Amino acid sequence: RRAAAGGKGPAPGAGDVAPGGLAADAAAAAELRILEAQLERMRGMLFGYSSLFFGTIRNWTFLAIGLLVLGWSGVLPAAVVPVPFIVPFAFLETGYLFWYTVFARRHAERLEQAINERLGREVLVAHRLEAAYFYPPDAPKIAALSFGNPLGFMGGMTIGYTAGAGLLWLAGLSSTNAYLESRGASPFDGSLVGLVVPLAVAWTAVIAAYLAWAFLRRRDEERFLAVLRGAYLFPAPPAP
């Protein structure tokens, strides 16, 4: 089609797109791909740290039980002594790993919201399903024991693991005390060996208090969320 009155070049048709429009579409598509890649990374991180969380619990449990068996069988009676120190440390390490699952889940939640904003409708709903099926992410919690869903399966699992760890800890502490008494030591007898049981109790109390404070206070999570709320904002339309 030629322009009238001797004009040069084809006249713009109804289906033509201005170069600026093509660039904007390409930028929007690239942005979506970046967000999708980041979402895939966060989902992979959530799966990876969840697997590492449960694997770490199993490893520490097998170690504690193995030490108790060695001590109770008489093969190595002193093997029971590390158990009341190992159990609370296992809680500390697994709490750290669970902290990363919270990071990945909240990050994935914001990414899904950002993608939905750009698409103009709610296509990705995994974060809403997680909130309904597991526990609401904003509710106070200690590990997976959420006050927003305390009777949920994850809450029951957390209570069960805690009860099992408590039994291992008590078995280790009583066995340690019995072993030390057989060696002529007792708590607060003035010797370093006599301080083992009080140190185990203090060590456990400090870790338990810190974990409860860290999860309920949510200081790190709130700082993270403050940054995340301002991230991935839908770009404002260009000025006319």
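Me: A salt bridge is a side-chain nitrogen of Lys or Arg within 4 Å of a carboxyl oxygen of Asp or Glu. What makes Arg 105 and Glu 130 a salt bridge?

Reply: This is a predicted model, to begin with. In it, the side chains of Arg 105 and Glu 130 come to 3.7 Å, N to O. The cut-off is 4 Å. The pair therefore counts as a salt bridge.

Me: Which parts of the chain does the pair of Arg 105 and Glu 130 tie together?

Reply: Arg 105 belongs to helix H2, Glu 130 to helix H3 (residues 126–133). These positions are 25 residues apart in sequence, so the contact links separate parts of the chain.

Me: Are Arg 105 and Glu 130 buried or exposed?

Reply: Arg 105 is buried, and Glu 130 is buried as well.

Me: How many salt bridges does the structure hold?

Reply: There are 13. Arg 110 and Glu 117 form one of them, with their closest N and O atoms 3.6 Å apart.

Me: Why is Arg 110 called buried or exposed, as the case may be?

Reply: Its relative accessibility is 9%. Buried means under 20%. Arg 110 is therefore buried.

Me: And its partner, Glu 117: what class does its relative accessible area give?

Reply: Glu 117 has 37%. Buried ends at 20% and exposed starts over 50%. The value falls in between, so Glu 117 is partly exposed.

Me: How do you know that Asp 220 and Arg 223 form a salt bridge?

Reply: Their closest N and O atoms are 2.8 Å apart. That is within the 4 Å limit, so the pair qualifies.

Me: What separates Asp 220 from Arg 223 along helix H6?

Reply: About one helical turn, because the two are three residues apart in H6. Asp 220 has 31% relative accessibility, which means partly exposed. Elsewhere, salt bridges with shared partners join Arg 106, Glu 109, Asp 138, Lys 141, Arg 218, Glu 221 and Glu 222 into one network.

Me: Now the fold. In what order do the elements of the protein run from the N terminus?

Reply: The order is α-α-α-β-β-α-α-α. That comes to six helices and two strands. Of the 240 residues in the protein, 32% are buried.

Me: What makes the angle between H4 and H5 parallel or antiparallel?

Reply: The axes of helix H4 (residues 153–182) and helix H5 (residues 196–217) cross at roughly 160 degrees and come within 10 Å. Angles over 145 degrees count as roughly antiparallel. H4 is therefore roughly antiparallel to H5. The crossing is right-handed.

Me: What does the angle say about H2 and H5?

Reply: H2 and H5 pack at about 15 degrees, with axes 8 Å apart. Under 35 degrees counts as roughly parallel. So H2 and H5 are roughly parallel. Their crossing is left-handed.

Me: How do you know whether Glu 112 is buried or exposed?

Reply: Glu 112 lies in helix H2. Its relative accessible area is 3%. The limit for buried is under 20%, so Glu 112 is buried. Its C-alpha atom is 8.5 Å from that of Glu 36, although the two are 76 residues apart along the chain.

Me: And Phe 215: buried or exposed?

Reply: Phe 215 is found in helix H5. At 5% relative accessible area it falls under 20%, so it is buried. From Phe 215 to Ala 144 is 9.9 Å, C-alpha to C-alpha, with their positions 71 residues apart in sequence.

Me: What is the phi of Ala 143, and where is this residue found?

Reply: Phi is near 55 degrees, a positive value in a residue other than glycine. Ala 143 sits in the loop between strand E1 (141–142) and strand E2 (145–146).

Me: Why is a positive phi worth noting in residues other than glycine?

Reply: Because most residues other than glycine have a negative phi. Tyr 232 also has a positive value, near 60 degrees. It lies in the segment after helix H6 (219–229). Its relative accessible area is 24%, so it counts as partly exposed.

Me: Which residues make the nonpolar surface patch?

Reply: Leu 70, Val 75 and Leu 76 make it, over about 270 Å². Leu 76 is placed in the loop between helix H1 (19–72) and helix H2 (83–119).

Me: What lets Leu 76 meet the accessibility condition for a patch?

Reply: Patch residues need over 30% relative accessible area. Leu 76 has 46%, so it passes. That value also makes Leu 76 partly exposed.

How values were computed. Residues are numbered from 1 along each chain as its sequence is written. This is a predicted model: local features need pLDDT of at least 70, side-chain atom pairs count only at pLDDT 80 or more; totals for chains, interfaces and linings use all residues. Side-chain values use heavy atoms; hydrogens and water are left out. Patches are made of residues with over 30% relative accessible area and no salt bridge: like charges are joined within 9 Å, nonpolar side chains (Val, Leu, Ile, Met, Phe, Trp, Tyr) within 5 Å. Accessible areas come from the Shrake-Rupley method with a 1.4 Å probe; for residues, only the protein chains shown count as cover. Helices (H or I, at least four residues) and strands (E, at least two) are DSSP runs, numbered from the N terminus. Buried means under 20% relative accessible area, exposed over 50%, partly exposed in between (1.4 Å probe, protein chains only). Axes are lines fitted to C-alpha atoms, for helices over the stretch in contact, and angles run from 0 to 180 degrees between N-to-C directions. Angles under 35 degrees count as roughly parallel, over 145 as roughly antiparallel, 65 to 115 as roughly perpendicular and the rest as oblique. A crossing is left-handed if the near helix is turned anticlockwise from the far one by less than a right angle, and right-handed if clockwise.
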